[in-house]
Amino acid sequence: MTDPQNGGPEVVAEGGLVAELQHMTAEERAEHDAEVAEVVAPDREIDVEVGQTLLEVDNVTMRFGGLVALDQISFDIRRGEILGLIGPNGAGKTTCFNAMTGVYRPTSGEVRLEGNALGKTSRHGITQLGIARTFQNIRLFSEMTALENVVVGTDARHKTSLLGALLRLPRHHREEKAAVEKAMALLEFVGIADRAADRAKNLPYGYQRRLEIARALATEPKLLCLDEPAAGFNPAEKEDLMGLIRTIRDDGYTVLLIEHDMKLVMGVTDRIVVLEFGKKIAEGVPAEIRENPAVIAAYLGVPDDDVA
Ligand SMILES: Nc1ncnc2c1ncn2[C@@H]1O[C@H](COP(=O)(O)OP(=O)(O)OP(=O)(O)O)[C@@H](O)[C@H]1O
Ligand SMILES: [Mg+2]
C-alpha cells in the first residue's frame, strides 16, 4: 500500500504531485483535471435511469424500547438529485441513515435500492450494493494516512479474495496499484491531495470531513449519504463544501444530505424531506419547504442564523 513504485505516499511526501501541479501550464492543468474527473466519475452499472426512483424508504418505523425514533416514514430518492433530509435535533435523521445502511434493522417497513429490498443485508453488503455514508461524528482510521484511508474504501469494490491478496497474485498487484491511483484522484477531487501522506489524526478538521467524503466515494456508491458534513464549519467553509457537493452531483452521483443549516440546505438541494419527532412533516422543493407552516413552526426556537 505504501510502495513508492505504486505512486504511494512516499512519492507524495516528497511533494511530487503538489509541485507538479504548481508547475503545470493552464492547458496541462485542464488536461490533468479531466483525467482526474475520469477516474472519479462513477462507472457502476445503475439499473434505474436518471430522474427515476433509486431508493425507496417505505413506511419505515424504528423503535428503541418505548421511543419511536421513526414513525412510518416514506420517501423516495431519485437518481441524480441532491435530496435534503432536515429537522430539529432528535428528529430521526441519523436514525434514518442507520436504518438505510444496515446499522439498524427497521422495526417495520422496508428500504429498497433499485427495487430490491435490503432486508437483512449486512452493512458491508449494503456498501457493496451501492450505498455509502459519512458519519455525524467523524470516523477515520486515525493512525493511517489520508491516502490509506481512501484506499481502504476502494476495497469494497475489489475482486481479489483475501487468499489472492495473501498469495500476492498478479490481479492483486494490479488492483492495488489502481486503488492507489484512484484514491489519489479522489483526494484531489475533494481538495486535500496536498496532505495525502499525513496521518488522518494530524489533518485539520475540515480536511478530515473531506477525507470521509473521499473514502465514501471510493466505494463507487450509487447513493452517497452525508450526515451533517459541514458541522463545525464557518460560513465560508460551509459554502465551499456545498460547492463540492454540487460538483459530486454534477459528476453523476446521487446525494442524500442531512444538514442543520436551513439556508445551506435551501441553496444546494433539489428536494427536501422534513422530519420532526420521528414523523415526516413535509416534502417538496426548497421554495415550498420555506413557506410551509409546519416546517416554520418546527424550526421556531432554533437560533436565528439557522433559519433561512
Ligand atoms: N440506539 C439508540 N437507542 C435509543 N435511542 C436512540 C438510539 N438512536 C437514536 N435514538 C433516539 O432516537 C431519536 C432520534 O435520534 P437521531 O440521532 O436520529 O436524531 P437526529 O435527527 O439525527 O438529531 P441531531 O440533529 O441531533 O443529529 C432521539 O430521541 C435519539 O435519542
Ligand atoms: Mg443526527
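In the predicted model, Val274 has Ala282 of strand E10 as its bridge partner. This pair belongs to the contact between strand E9, which spans residues 271–276, and E10; the two strands run antiparallel and are joined by five bridges. Strands of a sheet are held in register through backbone hydrogen bonds, and their pairing may be either parallel or antiparallel.

Both E9 and E10 are part of an open sheet of six strands, in which the order is E6-E7-E8-E3-E9-E10 and the pairing is mixed. Strand E6 (131–133) and strand E10 (279–284) form the edges, each being paired on one side only. From one strand to the next, the twist averages 20°. Helix H4, comprising residues 93–100, packs on this sheet. The strands touched by H4 are E3 (82–86), E6, E7 (223–227), E8 (254–258) and E9. Relative to the direction of E7, that of H4 makes an angle of about 145°.

Further pairing involves strand E1, which covers residues 53–64. Over eight bridges, E1 pairs in the antiparallel sense with strand E2 (residues 67–78). Within this pairing, Thr53 is placed opposite Arg78 of E2. The two strands form a hairpin with two residues between them, and Gly65, located in the turn, has a positive phi of about 55°.

E1 also pairs with strand E4 (residues 108–113), again in the antiparallel sense, over five bridges. Here Glu56 stands opposite Arg112 of E4. Strand E1 thus has antiparallel pairings with both E2 and E4.

Technical notes: Residues numbered from 1 in each chain as written. Chains lettered and ligands numbered in written order. Predicted model: local features only at pLDDT ≥ 70, side-chain atom pairs only at ≥ 80, totals over all residues. Pairing = 2+ DSSP bridges. Helix = DSSP H or I, 4+ residues; strand = E, 2+ residues; numbered from the N terminus. Axes fitted to C-alpha atoms, helices over the stretch in contact; angles between N-to-C directions. Contact = placed C-beta atoms within 7 Å.
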